[in-house]
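Got the viewer open? Let's take a short walk through the aromatic side chains, one selection at a time.

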Amino acid sequence: MKKTLALVLVLAFAFGLAQAGDNAKPIQKAGSTALLFDLSGLANLGAGNFQGGLGVKYYIANGFSARLGLGFNSSSTTTKNPVTPTPANQLDESKYTSTSFTVAPGIQYNVATSNAVIGYVGAQVAFTTGSQERKGNANSFGTGFTKDHSYNESNTTFGVAAFVGVEWFAWDNISLAGEYRFGFSTTSGKAESKTATTSTSADAPSQTSLGLGSANAGALTLAVYF
């Protein structure tokens, strides 16, 4: 019974979208602006970060737009030393920190329009930098409390991609889009270990990738125009 009810709700939702899309008009005029979100989940629908952060699209000219993804994350975890009183050669607490920043600018050109659907092509570049650090451990990110010991890793990723996709205006000022990308990316990094008397560093193995695939791992892009 529950499965039948769920199927009926899904079909009703899809029919509603189809009916709405029949009357919606594509937006692609110069000056139009949209906020972009990654839309995923059917049973638990949700709008998430676009390419890891804030997403914006702006039409520079009719049918030609620029888009930008910006992401920033910072977190820290502090673990108290369970030994009391704290030995002279140990820290009262061990702290782990992680930060990352991403910028992904791109351009999009609309090549075809049919009713409420736009077909487009484009290209983008992406740059991501990140770092992780553990205080109190010179060998890994595991919790440690040794004074003057730390372990740090930093990495940088650069990528370029060409894409082709479709954007469907399900409602006025709201669209759903999916795209395929053919891209190349390369990642390099460095690991550094410090103690009270020594400091050593080594380059992390570099990684490269080249391939064609769905841009959002099965998710759609939700655009809200204003």
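**Stop one: a ring at the start of the tour**

Select Tyr96 first: with a relative accessible area of 18%, this residue is buried, because the cut-off for that label is under 20%. Keep in mind as you click around that you're looking at a predicted model.

How many aromatic pairs does a search of the whole structure find? The count is four. For one of them, add Phe141 to your selection: Tyr96 and Phe141 sit edge-to-face, with 5.7 Å from centre to centre and 80° between the planes. This pair links distant parts of the chain, 45 residues apart. Tyr96 belongs to strand 5 (residues 93-114), while Phe141 is in the loop between strand 6 (117-135) and strand 7 (150-171). Phe141 counts as partly exposed, at 23% relative accessibility.

**Stop two: across strands 6 and 7**

Now pick Tyr120 and Phe163. Their ring centres are 6.0 Å apart and their planes meet at 75°, so this is an edge-to-face pair. Because Tyr120 lies in strand 6 and Phe163 in strand 7, the pair ties together parts that are 43 residues apart in sequence.

Are these two rings buried or exposed? Tyr120 is buried, at 2% relative accessible area, and Phe163 is buried too, at 3%.

Stay on Phe163 and bring up Arg67. Arg67 lies over the face of the Phe163 ring, 4.1 Å from the ring centre.

**Last stop: back to the cluster**

Return to Tyr96 and Phe141, then add Tyr151. Ring pairs link Tyr96, Phe141 and Tyr151 into a cluster.

Terms used
Residues numbered from 1 in each chain as written. Predicted model: local features only at pLDDT ≥ 70, side-chain atom pairs only at ≥ 80, totals over all residues. Heavy atoms only, no water. Phe/Tyr/Trp six-rings, centres within 6.5 Å; stacked < 30°, edge-to-face > 60°. Helix = DSSP H or I, 4+ residues; strand = E, 2+ residues; numbered from the N terminus. Buried < 20%, exposed > 50% of the residue type's maximum accessible area, 1.4 Å probe, protein only. Lys NZ or Arg CZ within 6 Å of the ring centre and 35° of its normal.
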